[in-house]
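Dear colleague,

Please find the structure below, handed over for your consideration. A short account of what was found in it follows.

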Amino acid sequence: MSQEISTSQPNKPEASRKREFSWRVATNLLTSFKYAWSGISYTFTTQRNFRIHLLIGALAISLGVSLHLQAIELAVIGITSGLVLALEVMNTAIESVVDLTVKQNYHELAKIAKDCAAGAVLVAALAAVLVAGILLLPPLLVLVRAAL
Ligand SMILES: Nc1ncnc2c1ncn2[C@@H]1O[C@H](COP(=O)(O)OP(=O)(O)OP(=O)(O)O)[C@@H](O)[C@H]1O
């Protein structure tokens, strides 16, 4: 006789039921920040591209400040640079999940997942270069012309 397995747990709140497969759940905000920082730190340590993007973003913002860009223009450069960094962290997460799933075996879906994640970073990086170019080049050219 077939037996129906019930997955409902009436005594557990909905939120904790959804996380029942998690090895550990952050219990407070400070712990959540600690784990998030650990992810950023891991990405910084292991991903050369993340370090390059961080350096370029910092240089772009510093240059913007030196060129007396408006606050809104600096904010746009900050947002686009931040987006590239955030996607790099997400790319690292996706790479880890793919490696966890397929280990060192080749799988077409693993390739698609990794290529798409890397593609997302590239799209954001190209957009950031475009934005930085639009905002930084005109005042930079004015400065260069004035110096000549
Ligand atoms: N298990 C796999 N199956 C199929 N293709 C894979 C697999 N692992 C990696 N690849 C291919 O190799 C490429 C490089 O994989 P890798 O894990 O080194 O990412 P990555 O190039 O380091 O990414 P990034 O440079 O963005 O950090 C992937 O984009 C994908 O095309």
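**Annotated spans and the nonpolar core**

The UniProt record, an unreviewed entry, places the annotation "transmembrane region" on residues 50-67, 74-98 and 118-144; its positions are given in the numbering used here, its feature names are shortened, and its annotations may be inferred rather than shown by experiment. This is a predicted model, in which local features need pLDDT of at least 70 and side-chain atom pairs count only at pLDDT 80 or more, while totals for chains, interfaces and linings use all residues. Residues are numbered from 1 along each chain as its sequence is written.

Residues 50-67 are 94% helix and 0% strand, with end C-alpha atoms 25 Å apart. Residues 118-144 are 100% helix and 0% strand, and their end C-alpha atoms lie 36 Å apart. Helices (H or I, at least four residues) and strands (E, at least two) are DSSP runs, numbered from the N terminus.

The largest nonpolar core (buried Ala, Val, Leu, Ile, Met, Phe, Trp, Tyr and Cys residues joined through C-beta atoms within 7 Å) has 10 residues, among them Ala 60, Ile 77 and Leu 135. Helix 4 (71-102) and helix 5 (108-147) each supply at least two residues of this core, and helix 5 gives the most, with 6 residues.

Gly 82 lies in helix 4. Gly 82 is partly exposed because 14 other C-beta atoms lie within 10 Å; the cut-offs are 20 or more for buried and 12 or fewer for exposed, with partly exposed in between and C-beta atoms placed from the backbone.

Yours sincerely
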